[in-house]
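Dear colleague,

I am handing over the structure below, and after it you will find an account of what came out of looking through it. Please read the two side by side.

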Amino acid sequence: MKVGLPQILDASILIVDDLQANVLLLEKMLSNAGHTGVSSTMDPHEVCELHRKNHYDLILLDLMMPGMDGFSVLEGLKAIDAEGYVPVLMITAQPGHKLRALKAGARDFISKPFDLVEVRTRIHNMLEVRLLYRALADHNEKLEQTVLLRTAELRQSEERFRRLTELSSDWYWEQDANGSLVRVSGPVLEMLGIRGDGSLDPVGSAPGVRWNEAEREALMANIAARRPFLEFVYSRVNPDGSQQYFQVSGEPIFGPSGSYLGYRGIGRYVAGPIRAAA
């Protein structure tokens, strides 16, 4: 991130001094240096309203003025720039006031009588810092907007995935790395015979339900080996003697570093209940 000379010369500057001679001197000096956005006022009571309207990149503020001194003006400016950066370069002929001005929120100061080289250098440096500060704030705002946009897009994508899953299957399930269920939709617990701890077990099934143990062991072996499985069919015998078939597909979930995070899958009824022929 860099600020070029054209941006510095085009920056908005407000000169605040109750002495017209000082105002004219600073205006001429800035004009000769190539600055194009210079304005001025000799009334300190106007400064806050002008800044609220124009949001100056830099304010050259005289400290000692009748009616309202620079410290009072600075307090008003701090209320406007709530983000905490008040772009004020204080002008003072009193060395003892410099520390107080800095503590009050001024970013730097210019001593009277003016040293033109020092004035131009301090103004250039202040503008460069100010414009970098604004560029960084704009960048952070755009980054935040991008994050919000991507988050919304991700949520929309998840919602589309969920709806497609619902259309193409009867249930959806996810397990974490420890085998515990973290997300289910539909009667997956009953249909797969999965307990709350993620293990395949007929505990959650209705009394009298018998699962095909060979098929269940094959499914458990796939999960233990972290292998994907597609349209795996297994069955159960219901208490009334009818047989019911289910089809499940699943895949392991891995993180960016390759670490195992769990399993997810879908399932649906294939056929059933089918009564055995008499």
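A good place to begin is Met 90, whose bridge partner in E5 is Phe 109; please keep in mind throughout that this is a predicted model. The strands E4 and E5 pair in the parallel sense, over four bridges, and they belong to an open sheet of five strands, which has the order E2-E1-E3-E4-E5 with parallel pairing. Strand E2 (37-41) and strand E5 (108-111) each have a single partner strand and stand at the edges, so one side of each is left without a neighbour in the sheet. On average, and with direction ignored, neighbouring strands of this sheet are turned by 20° against each other.

Two helices that pack on the sheet deserve a mention. H3 touches E1, E2 and E3, and its direction makes about 175° with that of E1, while H4 touches E3 and E4, with its direction at about 150° to that of E3.

Turning to the interior, the largest nonpolar core has 22 residues, of which Ile 59, Leu 61, Leu 77, Val 88 and Met 90 touch the most other members. The elements that give two or more residues to this core include strand E1 (12-16), strand E3 (58-62), strand E4 (88-92) and helix H5 (98-104), and H4 gives the most, with five residues. Leaving aside its neighbours within four places in sequence, Leu 61 is in contact with residues including Val 16, Val 73, Leu 74 and Met 90. Apart from this core lies another, of 20 residues, among them Ile 13, Leu 30, Leu 89 and Leu 131.

With best wishes

Technical notes. Residues numbered from 1 in each chain as written. Predicted model: local features only at pLDDT ≥ 70, side-chain atom pairs only at ≥ 80, totals over all residues. Heavy atoms only, no water. Core = buried A, V, L, I, M, F, W, Y, C linked by side-chain atoms within 4.5 Å. Buried < 20%, exposed > 50% of the residue type's maximum accessible area, 1.4 Å probe, protein only. Contact = heavy atoms within 4.5 Å. Pairing = 2+ DSSP bridges. Axes fitted to C-alpha atoms, helices over the stretch in contact; angles between N-to-C directions.
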